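Thanks for making time this morning; I would like to take you through one structure, beginning with its pockets and then turning to its sheets and a few backbone details. Please keep the display open while I talk.

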Amino acid sequence: MKKNILALFTLITLISCDKKLPPIDPDIISEKVPHDTDDPAIWIHPTNPSKSIIFGTDKDTNGAIYAFNLQGKIIPKKVIKNIKYPNNIDLEYGFKLDDSTTTDIIVFTERERNRIRVFSVPDMKPLDNGGFPVFEDETDLELRRPMGVSVYKNPSNQNVSAIVSRKIGPKDQYLYQYTLSSDSTGVTSKLVRRFGKFSGEKEIEAIAVDDELGFVYYADEGVGIRKYYADPAKGNKELAFFGGEYFKDDIEGIAITKKPNGQGVLIVSDQQKGQFNIFSRKENNFIKAVNLGTTETDGCDVVTVPLNTKFKSGLFVAMNEERDFYFYDLEKLDL
């Protein structure tokens, strides 16, 4: 009973009070991009974590994927230019190219070409022959505009797939899932699943996959966070729908911290409130909110390994509406 009363008090406080929490200052603010930042992805260097890279999308018809070092400086040789409105980005390690070769990859949506793109990391070579079309079975062009993307690597068989959302869509089967595979002819994409409910209220953009536990989460922006199995073989039943009451308006970027025994948290942007709501990874219960000083945050990403002396506990990166990204030592979030 006491726990229920405390939870109710917390909820009433969050909803009724428009005052922000005291902001936590970032350790680094990145250099600005020309147009409109949206979503980051953090790549950890395999032998020297201090050389890790933060990738971030810059949304525009003449957009790009920018690469930043841990000091927030743009790495010109790693930037991918001439992308037609890149939106969201994700990363996966150890994508199998052939029997003896693997590479890390980034996958991002290219909205104005109705495609997802796949590049190797850190050499930044395209693996997709110009991109893989998505939502091809839709006759309405607007239903083919991709927005969010997250990559799933099945721990049991190492298969890699991309889960893609779009600007608008139906009230069921809003998301499509594509396997990414490679053979002597190159990398290919194949549709393996249509799934995911949609309230019809706003749109679905933010997606995050928990490879280890096998779940995919996505933000039905105006109403809540939805949870499904990431493995298509486990079916399309919705496992949970939670959190909407803790947000002021749009539910945006989702990042997952992974700790032993399934512990960790989901960090979710409360865009119009200018805060992030924290939910438990195991039970998806609300824990707390934090104000990190960003405004109108879309995407975010997190890693939980030490990278250098500044990011000794891991790194959290969040998009900021001033065309930049904020970097935080993970310890500051007190998770």
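The second largest pocket holds about 220 Å³ of space, and I should say at once that this is a predicted model, so that every value I quote is computed from predicted coordinates. Lining this second largest pocket are G94, F95 and K96, then N157, Q158, N159 and V160, and finally T179, L180, S181 and S182. Two strands, β6 and β12 (175-183), each supply at least two residues of that lining, and the largest share, 4 residues, comes from β12. As for character, the lining of the second largest pocket divides into 3 nonpolar, 7 polar and 1 charged residues.

Let me set beside this the largest pocket, which has a volume of about 750 Å³. Its lining is made up of 37 residues, and those closest to the centre of the pocket are D90, L91, K258, D301 and V302. If you colour by element, you will find that those giving two or more residues to this lining are β2 (37-43), β6 (86-96), β10 (146-153), β14 (204-210), β18 (251-256) and β22 (300-303). Which of these gives the most to the lining of the largest pocket? That is β6, with 6 residues, and β6 is also one of the two strands that I named for the second largest pocket. Here the lining divides into 19 nonpolar, 6 polar and 12 charged residues.

Since β6 has come up for both pockets, let me follow this strand into its sheet, an open one of 4 strands in the order β6-β7-β8-β9, with antiparallel pairing. β6 and β9 (132-133) are the edge strands of that sheet, each pairing on one side only. Between them in the order, strand β7, residues 102-110, pairs with strand β8, residues 115-121, in the antiparallel sense over 7 bridges, and I106 can be seen opposite F119 in β8.

Another open sheet, again of 4 strands and with antiparallel pairing, has the order β2-β3-β4-β5. Why is one side of β2 and of β5 (80-83) left without a neighbour in the sheet? Both stand at the edges with a single partner strand each, so there is no neighbour in the sheet on the other side. On average, and ignoring direction, neighbouring strands of this sheet are turned by 20° against each other. Strand β4, residues 63-68, runs antiparallel to β5 and is joined to it by 2 bridges, with G63 standing opposite I83 in β5.

Now for two backbone details. Most residues other than glycine have a negative phi, and most peptide bonds are trans. Against that background, the peptide bond from V121 to P122 is cis, with omega near 10°, and P122 is found in the loop between β8 and β9. R323, a residue other than glycine, has a positive phi, near 70°, and lies in the loop between β23 (315-320) and β24 (324-329).

Finally, a word on confidence. The protein chain averages a pLDDT of 94, and 94% of the residues score at least 70. Over residues 13-17, however, the pLDDT is below 50, and beyond near neighbours in sequence this stretch has 5 contacts in the model. Where pLDDT is low, the predicted coordinates should not be read in detail.

Conventions:
Residues are numbered from 1 along each chain as its sequence is written. This is a predicted model: local features need pLDDT of at least 70, side-chain atom pairs count only at pLDDT 80 or more; totals for chains, interfaces and linings use all residues. Side-chain values use heavy atoms; hydrogens and water are left out. pLDDT is the predictor's confidence in each residue, from 0 to 100. Contact means heavy atoms within 4.5 Å. On a 1 Å grid over the protein atoms alone, a cavity is a set of points where a 1.4 Å probe fits but cannot get out, and a pocket is an open set with protein on both sides within 12 Å along at least five of seven lines; lining residues have an atom within 4 Å of a point. Grid points are joined across faces, edges and corners, and a volume is the space filled by probe spheres set on the points. Ala, Val, Leu, Ile, Met, Phe, Trp, Tyr, Cys and Pro count as nonpolar, Asp, Glu, Lys and Arg as charged, and the others, Gly among them, as polar. Two strands pair if DSSP finds at least two bridges between them. Axes are lines fitted to C-alpha atoms, for helices over the stretch in contact, and angles run from 0 to 180 degrees between N-to-C directions.
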